[in-house]
There are 2 protein chains.
Amino acid sequence: MAVQTVATTSNSTVDLGPAAALSCRECGHRVPLGPVFACEECFGPLEIAYDFSAYDTEELRARIEAGPANIWRYAPLLPVPADVAEKPNINPGWTKLVKADNLAGELGVTGGLYIKDDSGNPTHSFKDRVVAQALEAARAFGFTTLSCSSTGNLAGAVGAAAARAGFRSCVFIPHDLEQGKVVMAAVYGGELVGIQGNYDDVNRFCSELIGDPAGEGWGFVNVNLRPYYAEGSKTLAYEICEQLGWRLPDQIVVPIASGSQLTKIDKGLQELIKLGLVEDRPYKIFGAQAEGCSPVSAAFKAGHDVVRPQKPNTIAKSLAIGNPADGPYVLDIARRTGGAVEDVTDPEVVDAIKLLARTEGIFAETAGGVTVGVTRKLIENGVLDPALTTVVLNTGDGLKTLDAVAGTGLTATIRPNLESFREAGLA
Amino acid sequence: MAVQTVATTSNSTVDLGPAAALSCRECGHRVPLGPVFACEECFGPLEIAYDFSAYDTEELRARIEAGPANIWRYAPLLPVPADVAEKPNINPGWTKLVKADNLAGELGVTGGLYIKDDSGNPTHSFKDRVVAQALEAARAFGFTTLSCSSTGNLAGAVGAAAARAGFRSCVFIPHDLEQGKVVMAAVYGGELVGIQGNYDDVNRFCSELIGDPAGEGWGFVNVNLRPYYAEGSKTLAYEICEQLGWRLPDQIVVPIASGSQLTKIDKGLQELIKLGLVEDRPYKIFGAQAEGCSPVSAAFKAGHDVVRPQKPNTIAKSLAIGNPADGPYVLDIARRTGGAVEDVTDPEVVDAIKLLARTEGIFAETAGGVTVGVTRKLIENGVLDPALTTVVLNTGDGLKTLDAVAGTGLTATIRPNLESFREAGLA
């Protein structure tokens with residue numbers, strides 16, 4: 001694989017706010033900000049290193065609270081320029097934190113149960129958060145094409161963001177994707193290229209393209225812009241705490257695909273503690289997978305530190321990454337915080353989608369069925385404490401995975417008169 | 001038709017905030033607040049009459065600005081109790097007002113073009129605004145079942161709101177509705193009853209049920225709760241002005257189904273002027289229809305004051321009301337404000353959906369294609385002034401009308417290698 005590990009774009013004019021450098025998660029080696037994602041020393045993943053030293057806690061809090069109703073209220077804590085809110089972007093975030101009292105009643109949670117409902121984002125999934133971030137990095141590095149490999153949510157998020165920001169977009173998908181998903185991605189008018197092969201072939205091709213002159217000027221949001229992209233997930237942690245009144249939740253249930261989101265939520269919570277924006281108290285992070293793609297859950301239960309890849313087979317396609325890059329970090333966080341990683345079967349996912357819709361009027365994607373289903377299972381098994389404040393993530397929208405609940409239908413069929421209405425027992 | 005015109009529920013304990021009474025739009029006859037919708041004197045439509053006399057302008061503005069990021073920030077101007085934000089509801093509104101500079105460039109608008117994007121609501125259409133309102137009225141009147149007739153968006157909005165608020169829901173739809181729409185409505189777990197007949201049969205049956213003892217305790221959001229329900233559309237006017245910095249837009253383009261939304265937006269703008277929250281300046285309201293269901297546009301162009309019913313035949317199904325109840329009021333408002341009513345063909349609707357997606361990353365329902373298409377046509381015809389500030393409504397989500405753009409697809413198909421990539425001219 002031709003992996004570009006050194007920036008080809010000079011960063012002398014790069015303004016990404018408090019982002020100071022890229023730092024290797026494994027060996028700590030630092031490099032200047034640039035479109036790179038792997039350490040040149042040890043091939044470990046690069047992360048953003050910040051300089052937050054100038055912030056006064058209460059000034060920062062006031063600045064955030066006076067900010068826009070989207071992720072850019074947290075611009076002082078993200079790798080974006082200070083005037084980011086003025087630039088064309090899709091401005092995701094500040095989605096609802098729904099107090100789920102009906103669901104709490106059904107699950108026996110007494111300490112307060114909340115759904116962080118990211119279906120409220122512009123293209124109705126949490127991917128808007130990370131893509132908005134990658135877009136700002138692409139702008140800073142002078143890229144003109146925004147790209148990704150995708151099988152669903154990411155394609156729409158990239159297409160929409162690129163359209164709004166005036167970037168060309170070129171999204172690569174397996175050529176035989178369902179027609180509905182193709183339409184959702186194609187409507188934004190960018191290039192949508194079908195690759196004759198499976199998702200692994202698509203990814204392999206994208207890595208090749210990044211290393212080739214043909215890929216010059218291309219920002220692949222989840223490859224060469226990954227360090228910036230991934231930071232978008234921190235905003236979930238920021239929003240949850242601010243919406244709870246600048247307070248850490250006791251327990252948080254997060255879906256696991258690559259595992260990146262969970263690790264960044266932990267990073268976000270740690271930053272809020274260090275900045276003094278929340279009181280330093282223990283919190284537990286729980287990871288949720290579908291049984292048909294549960295490599296991290298399997299490793300957690302077996303007490304392993306490494307994750308053995310699986311071949312995914314689940315309806316929760318947005319979580320179907322069989323070899324999750326951040327799996328070991330997830331295991332570490334779940335163990336360190338006293339959390340756990342659990343999985344549920346596909347029928348349990350469908351049940352949980354219906355349970356959430358029936359109790360709270362929230363129609364979740366399969367990934368939301370996974371987190372709600374895992375929450376129920378963890379309570380039943382005595383692992384999650386129902387007396388503590390618990391936040392469950394819904395990262396996508398049920399309209400995008402209608403097939404999962406296709407069995408749902410009419411409860412009665414009647415003739416248009418009162419007699420038929422009474423016969424059906426509806427009165 | 002058995003129409004209940006007098007309240008059967010005592011309103012001695014009804015607290016609906018500033019709502020003082022129901023008043024007939026035609027003859028001015030007033031009746032106490034109750035679940036009635038037609039004047040007992042002249043059968044004209046009943047509207048909410050308010051008492052806003054106690055408000056100090058700047059205190060009111062400050063109270064609104066300190067309110068929640070949803071429609072309840074305007075509770076002092078709506079028929080809801082002061083503590084409405086504490087009650088379980090789906091809390092719609094405060095959706096994005098997107099400055100659409102790319103679209104403005106394509107359409108030649110120089111005075112500022114904005115999309116009010118109501119796809120950001122909980123069930124992704126503006127119907128959440130009106131249902132949230134009807135739910136509060138249902139609660140005040142002691143109803144326990146929330147109901148409606150629907151062919152789409154409304155069913156989901158009622159199902160979700162009822163679920164969250166702990167109401168029983170019973171939604172009536174034509175029995176042969178497309179499976180996708182049935183699933184979207186059924187997932188919330190309420191009663192979903194298919195009526196053997198067309199949408200007119202469904203409506204006729206609902207009116208029968210309201211007049212029957214079997215319908216006791218049932219709030220039909222768009223029938224016996226209609227005066228309250230309709231007020232939800234005022235919040236679009238409030239939000240647009242507040243998001244413009246407490247300023248009236250010069251021009252606003254609104255879709256027409258029953259016409260209720262357009263009349264309530266006008267009412268909302270007038271209230272803001274009277275309350276001193278915005279400067280009193282001229283504004284123009286434009287109505288948008290699909291050619292396949294354009295009774296109001298036809299009447300406007302013919303110079304008529306009444307609307308001749310049509311049999312709808314358009315892809316813009318959420319606007320397909322052939323005999324719009326508020327048609328005459330819409331004609332009056334368009335003429336009084338110096339606006340117009342225009343229509344576009346189904347292919348123009350599809351083009352406009354793609355134009356909005358390509359320029360702004362917003363994937364609109366067909367109704368949004370109608371407003372954007374009509375905006376373009378009005379500019380081309382010299383009716384809408386491109387030098388003035390213009391707001392265009394998108395009232396729904398493209399994910400719900402995927403069929404309209406089903407022709408959209410892959411721009412290329414390649415093998416997973418660089419040679420094939422170059423051959424396709426993508427480099």
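**View 1. A salt bridge across the chain A–chain B interface.** In this predicted model, A:Glu360 and B:Arg164 meet through their side chains in a salt bridge. The N to O distance is 2.4 Å. Side chains of opposite charge can pair when their charged atoms come close. Between chain A and chain B, the count of salt bridges is four. On the side of chain A that touches chain B, 15 residues are charged, 18 are polar and 36 are nonpolar.

**View 2. The interface of chain A and chain B as a whole.** Contacts involve 69 residues of chain A and 69 residues of chain B. The size of an interface is often given as the accessible area lost when the parts come together. Here the two chains bury about 5,700 Å² between them. Carbon and sulfur atoms account for 63% of that area. Polar contacts also cross the interface: the rule finds 28 residue pairs, both residues at pLDDT 80 or more.

**View 3. A strand pairing that joins the two chains.** Strand 8 of chain A covers residues 191-195, and strand 14 of chain B covers residues 412-414. The two strands run parallel and are joined by three bridges. One of the bridge partners shown is B:Ile414 in strand 14 of chain B, which is paired with A:Ile195. Strands of a sheet pair through backbone hydrogen bonds, either parallel or antiparallel.

**View 4. The five-stranded sheet built from both chains.** The sheet is open, and its strand order is 9(A)-6(A)-7(A)-8(A)-14(B). The pairing is parallel. Strand 9 (218-220) of chain A and strand 14 of chain B stand at the edges. Each has a single partner strand, so one side of each is left without a neighbour in the sheet. Neighbouring strands are turned by 25° against each other on average, direction ignored.

**View 5. The pairing at the strand 9 edge.** Strand 6 of chain A (residues 145-149) and strand 9 of chain A run parallel. Three bridges join these strands. A:Thr145 has A:Trp218, in strand 9 of chain A, as its bridge partner.

**View 6. An antiparallel sheet within chain A.** Three strands form this open sheet, in the order 2-1-3. Strand 2 (30-31) and strand 3 (46-50) are the edge strands, and each pairs on one side only. Strand 1 (residues 19-24) runs antiparallel to strand 3, with five bridges between them. A:Ala19 has A:Tyr50 of strand 3 as its bridge partner.

**View 7. A salt bridge within chain B.** B:Arg129 and B:Asp118 form a salt bridge, their closest N and O atoms 2.7 Å apart. The pair links distant parts of the chain, eleven residues apart. B:Arg129 lies in helix 3 (residues 127-140) of chain B. B:Asp118 sits in the loop between strand 5 (113-117) and helix 3 of chain B. Over all chains, the structure holds 52 salt bridges.

Technical notes: Residues numbered from 1 in each chain as written. Chains lettered and ligands numbered in written order. Predicted model: local features only at pLDDT ≥ 70, side-chain atom pairs only at ≥ 80, totals over all residues. Heavy atoms only, no water. Contact = heavy atoms within 4.5 Å. Buried area = accessible area lost by both parts, 1.4 Å probe. Polar contact = N/O pair within 3.5 Å; in protein donor to acceptor, adjacent residues only side chain to side chain. Nonpolar A, V, L, I, M, F, W, Y, C, P; charged D, E, K, R; others polar. Pairing = 2+ DSSP bridges. Helix = DSSP H or I, 4+ residues; strand = E, 2+ residues; numbered from the N terminus. Axes fitted to C-alpha atoms, helices over the stretch in contact; angles between N-to-C directions.
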